[in-house]
Amino acid sequence: MLRGRDRQRVADDALGGRARMGGDGQDAGDGALVGRARVGGDGRGEAHGALGGRARIDSDGRDVTDGAFVDRERLARDGQRATTNAAASGEPLVLRGRADQLQAIHSLLERARAGRGGALVLRGEPGSGKTSLLNAARHTYTPLLCADVPAIDDDLRQLAHDVAGTSAALLIATEGDPRGLPCITLGPLDRATSMRVLHDLVPGIPATLAVDLADLACGNPLALVELATALTHGQLGATEPAPDVLPENSALRTRLRAKFTALSPRAQLITALAAVDEDLDAEALARRDWEAVVEAGELLDSRRLVRSALRADVPLELRRKAHAELAEWLPPGPQRTWHQAVVNNDERLSEVLTNHAEDARRRGDYASAARDHDRAARLTSDPGKKAKSLLHAAGDHWTHGAPHRARNALRTALTLTDTPELRALVDLVMGGIDLGESLPDVAADRLIRAAKSLAGTRRTLAVAALGFAGEAANISGDHGRHATAAEFAKQIRRADEPLATRLTLDHLIGMAATFGGRHDEALPVLREVVELAGEVPGPQARIWASQAAYVLGDARRSHELATSAVTSARESGLNALVPWALVYRALSALLLDQHAAALAAATEGVHAATAIGQHNAVVDHLTILALLSALRGDADSALDRMGTATEHINQRGLIRPGTLGAWAFACVDLTRDRPADALGRLRLHSGHVGIKVMAAPHVVEAAVACGEPSTGDRALQRYEKWACATGSAARLALSHRCHALLQSGTADEHFEEAIRLHRASGTALELAKTELLYGNRLRRGRKPKAAREHLRDAVRIFQTYQADHWVARARAELRAAGDPTGEPRHHPDLTPQQAQIAGLVAEGATNREIAARLFLSHRTVEHHLRNIFARLGVRSRVELSRMLG
């Protein structure tokens, strides 16, 4: 322990460039930093204790919130040591995902350099990278004390107080309580960061294998290293299944094994109960034996990383005893049946578990259904029955949102039997998994193959496979594959087709006609799809219909259907469909110009897709978020989101989100007055046909700015054909705006019609952009008064959308038109919105005109006006106008 003068000597030596820590008085550093300070009676610091979460530093030592992550390149730019010899040291790239922690350490050292030193606790579970952070800091500041300890004792806590206000700093790595000291926790890496670490460790690692390893590691950096370095050639070549437990010689697994061995028999039994039944939690076990649960502590962690290691290492005899205990203790139901079957080796109970699984599926409890199908497969010795149970389990795992478990079940099923129907069903489920997280073109081929194999025997499943194949081809931008699926849909479609399969087939046929530019053929079919959605239950039908309504330009109906699909999918436990439905909820809200709703849907979509491993859907939502930012003129946010998505777009051939991304990049180029770059992106990107058509208004804007009106005219022809066919007021408004930019002779008429249609469709942000463009034209045409009217409207609307870039552009244009302020005069007693309304009153606008301009209700304007009168002490519009000048 550090006592009295020893503690003071350590602080004094730190200030002088020499750091010594440890009761044995060993010299731990001379003019350099201490990597691992030895603190404690025996001078040793070991790793054990509770598991941690994620938090940012807080002045009173509390963990308050999650932190963000950073990659190796950014760490290198910051001058931090970002890598070590990973495979050799067991600490590879753990500084990925530790931006907050590095920033906290940097701030600590900056304060120390200014004579305001102090302490910082780095808290985290074993393998979280605490030591690597100490090593990253050790050469950056000489009077830095570093301690790596199991727990903070009184002397170390006192030392933390002693260095406060000096030029020294104390950095403590621990698993224990921070004891009131400023603390930052090293929590699990998120999935994206885990995947980057794996790609650093094993360049070219198959995507599906990386996903499996990331799921098993649960965000622990050392676990990622140990799993990656133990991979076999068969696992890397996809001829062997992915690991389902840490390597036997793993440091983390060895530590868990040692802690288990040190437990009392009662605590070992409690741990074995948790190991053999993943549905048991600490609370349920505490009712069995509270003292044993307390002793077992972190070994009852429910994460797969811990449970799988313990399940592998608990002795067989103890596992059997645990099964016997649970067979007696648990109430009647599928869990008890499973343990009874294991104890009695009773294969007949396989059928009972299958029945429980089917009941769970009917309730929408797909997680329980998958569990019981898995267990039924383990009980039966019949290869055909085992394969069938595993196939059902795979489908339930995928539906619930556990694709890695679904893949593992499918791999095993294929080794048991090789019937054509089984292979087709495997293609169906594997194609669905690939659609969400792997190569969509491969998914499309699998699904088309499954549809053709199942069409004669399992027609409903064949039609479902075709529908998913169409979506896979859509994501990959492969309209040839999409057309192939649609042609097969035409071949198998019957005159007396049931409503559900008819909706799916017609959706596929109608979308193929749309991609082929045959709008007259597509629109009647897609309208029927939208109508059928009211008669067909379930979220899938609503997703197809929402997409159809979106193509038809009926954004409101599309949004209603997508919202209903999200609700229905959640209520029925179909988690795999939620991110997909949110894509169309976000896109339809964007078409409605409801940017807040689109932002909420896409943000929710990122989280929902990340939670269930649907990486392609994550990218879809990120590109939608990027486009939203770009349309508001927020270039930095747009580029940041696209930076996250671009790597995945390129790796997996995600053409649909890639084209959305190109559109977002082009919008950023336009906001930065680089129209040639914008035009190049949109013209050269082969991309997704449908999205390229939707982006045509920006092609026109860029082409006109570059002096290439013919390029803009060609893009407009394709866009106008679609807009006129759908009759969408929002799309027709943009068409008229494009004509106004291209045709100088009739530009005013087109601008006025565009403004009318924007108001009719409620697309406020696009209205503001049209008024900005029109105001610019009027100013250059020496009509400044008319220009100012439109430009003031534009400023007000842009302000409501918090589109700062566009506000600045409109104000600059307004000043150029002769308005010295670029905005209405504000009174200091009024809120910004009240000032807007007061300014419009002063210009002579009626309440209804103000409501229309600001997209408010008539009653809301009246309410604001009463408050304005009260605040300013006026009693009439005339007095208000005089006061505002």
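These legends describe close-up views of a predicted model.

**View 1. A four-stranded open sheet.** The sheet is open and has 4 strands in the order S4-S5-S3-S6, with parallel pairing. Its edge strands are S4 (144-148) and S6, and each of these pairs on one side only. Neighbouring strands in the sheet are turned by 15° against each other on average, direction ignored. Helix H6 (residues 154-162) lies across S3, S4 and S5. H6 runs at about 150° to S5.

**View 2. Strand S3 and its surroundings.** Strand S3 covers residues 119-124. How many residues of S3 are buried? The count is 6 of the 6, so S3 is largely enclosed by the rest of the structure. In a regular strand, side chains alternate between the two faces of the sheet. Here Ala119, Val121 and Arg123 point one way from S3. Leu120, Leu122 and Gly124 point the other way. Residues of both groups are buried.

**View 3. The partners of S3.** S3 is joined to strand S5 (residues 169-174) by 5 bridges, and the two run parallel. Within S5, alanine 173 is the bridge partner of leucine 122. A further 4 bridges join S3 to strand S6 (residues 183-186), again in parallel. In S6, threonine 185 stands opposite arginine 123.

**View 4. Edge strand S4.** Of the 5 residues of S4, 5 are buried, so this strand is largely enclosed by the rest of the structure. Both of its faces are covered. Leu144, Cys146 and Asp148 are buried on one side. Leu145 and Ala147 are buried on the other. S4 and S5 run parallel and are joined by 5 bridges. Cysteine 146 stands opposite leucine 171 in S5.

**View 5. Helices H29 and H30 packed together.** Two packed helices are described by the angle between their axes and the distance between the axes. The axes of H29 (residues 555-571) and H30 come within 8 Å and cross at roughly 155°. That angle makes H29 roughly antiparallel to H30. The crossing of H29 past H30 is left-handed. Which residues of H29 meet H30? They are Ala555, Ser558, His559, Ala562, Thr563, Ala565, Val566, Ala569 and Arg570. On the H30 side, the residues met include Val578, Leu582, Tyr584, Arg585 and Leu591.

**View 6. Helix H31 among its neighbours.** H31 spans residues 595-611, which is 17 residues. What span should H31 have at 1.5 Å a residue? The expected value is 24 Å, and the end C-alpha atoms are 24 Å apart, which agrees. Several residues of H31 are buried, among them His595, Gly605 and Val606. Also buried are Ala598, Ala601, Ala602, Ala608 and Ala609. The buried residues of H31 pack against helix H30 (578-591), helix H32 (615-631) and helix H41 (764-780). After H31 comes glycine 613, with a positive phi near 75°.

Note on methods:
Residues numbered from 1 in each chain as written. Predicted model: local features only at pLDDT ≥ 70, side-chain atom pairs only at ≥ 80, totals over all residues. Heavy atoms only, no water. Expected span 1.5 Å × (residues − 1). Buried < 20%, exposed > 50% of the residue type's maximum accessible area, 1.4 Å probe, protein only. Contact = heavy atoms within 4.5 Å. Pairing = 2+ DSSP bridges. Axes fitted to C-alpha atoms, helices over the stretch in contact; angles between N-to-C directions. Parallel < 35°, antiparallel > 145°, perpendicular 65-115°, else oblique. Left-handed = near helix turned anticlockwise from the far one by under 90°.
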